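Visitor: I should like a close look at a single part of this model, with the criteria behind each term stated. Please take one strand and follow its surroundings outward.

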Amino acid sequence: MTVVIGFEGSANKIGIGIIRDGEVLSNPRRTYITPPGQGFMPSDTAKHHRAVILTVLQEALDEAGLKPADIDCVAYTKGPGMGAPLVTVALVARTVAQLWGKPLLGVNHCIGHIEMGRLITKANNPTVLYVSGGNTQVGFRRASAVRMGSQYVELPYTVKGMDVSFSGILSYIEDAAHKMLSSGQCTAEDLCFSLQETVFSMLVEITERAMAHCGSQEVLIVGGVGCNLRLQEMMGVMCEERGAKLFATDERFCIDNGAMIAQAGWEMFRSGHVTELEDSWITQRYRTDEVEVTWRD
């Protein structure tokens, strides 16, 4: 049996998970939470990760009932993501690998999401919609005001081939919201509802286009936004009309976590991949298509 521990910390989540031959043994994480309306800055996020990462590491080992000697490989998120948090996690992973005398492996964050989704759902060869706050892409190989809205407000819908643009829709809402709300044309809940419906419709359209191009009959939704039930519902309708099948997971595995890095690392390690210490840097703009997937037929 091969046991891999994975360190994830590319954004505001710090997670450490352990995988043993397709079994999730542990997957604790912490979230850096800022005041409402404020984003998380790289330096502050890295400070949070440094403060809790060793505690999370001990939790992962305790939950799995394992000792460092039981670990075969240490995987970490190489990128993409925020520079300072990535560096923090890479530094700890490098140190742990050297202290424990284990091989090290840098993992693409997006590949981690995909491999975790495939493990949990057992999807065979799906078209993948990876949708998150940081990046959204289509690949082959909580209750809120949104649910309270009912009136659909027409918003900019920008799809060009396989590309989507969200910048126009946000600018439009910022410019028009005050006038529309003050005149009673719609409510704030209606705007939230309309924003969600429009954006998700764009994602469903490009996913269906990718399926048609690749002759695919499966869709796998991964990434933090992938646990949104409305997105899953809309994608499910499209799949049903095409006679296709939808695969999705819940927030345990959609949201950034260490087990997804461990799972991708498990696949890579079993196929002969190892990252030498001198090559164990981080890459903020680490594209998914830069990864040579040698572990799939």
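Guide: A hairpin of 4 residues joins strand S1 to strand S2. Helices (H or I, at least four residues) and strands (E, at least two) are DSSP runs, numbered from the N terminus. The model is a predicted one, in which local features need pLDDT of at least 70 and side-chain atom pairs count only at pLDDT 80 or more, while totals for chains, interfaces and linings use all residues. Residues are numbered from 1 along each chain as its sequence is written, and side-chain values use heavy atoms, with hydrogens and water left out.

S1 covers residues 3-8, and S2 covers residues 13-20. The two strands pair in the antiparallel sense over 6 bridges, where pairing requires that DSSP find at least two bridges between two strands. Within this pairing, Val4 stands opposite Ile19 of S2.

S1 also pairs with S5, here in the parallel sense and over 4 bridges. Val4 takes part in this contact too, with Cys73 as its bridge partner in S5. Gly6 of S1 faces Ala75 of S5 as its opposite residue.

The burial of S1 follows from these surroundings only as a description: 6 of its 6 residues are buried. Buried means under 20% relative accessible area, exposed over 50%, and partly exposed in between, computed with a 1.4 Å probe and protein chains only. In a regular strand the side chains alternate between the two faces of the sheet. In S1, Val3, Ile5 and Phe7 lie on one side and Val4, Gly6 and Glu8 on the other, and both faces are covered.

S5 resembles this description in its own right, since 7 of its 7 residues are buried. S5 pairs in turn with S6, in the parallel sense over 5 bridges. Ala75, which stands opposite Gly6 on the S1 side, has Leu105 opposite it in S6.

The strands S5 (73-79) and S6 (104-108) also lead to a pocket, as each gives two or more residues to the lining of the second largest one. A pocket is defined on a 1 Å grid over the protein atoms alone as an open set of points where a 1.4 Å probe fits, with protein on both sides within 12 Å along at least five of seven lines; lining residues have an atom within 4 Å of a point. The second largest pocket holds about 240 Å³ of space, a volume being the space filled by probe spheres set on the points, which are joined across faces, edges and corners. Its lining comprises 15 residues, and Lys78, Gly106, Met268, His273 and Tyr286 lie nearest its centre. By class, 7 of the lining residues are nonpolar, 4 polar and 4 charged. Here Ala, Val, Leu, Ile, Met, Phe, Trp, Tyr, Cys and Pro count as nonpolar, Asp, Glu, Lys and Arg as charged, and the others, Gly among them, as polar.

As context, the protein chain has 8 helices and 12 strands. Its radius of gyration is 20 Å, close to the 19 Å that the globule rule gives for 297 residues, so the chain is as compact as a globular protein of that length. The radius is taken over C-alpha atoms, and the rule is 2.2 Å times the number of residues to the power 0.38. Of the 297 residues, 50% are buried.
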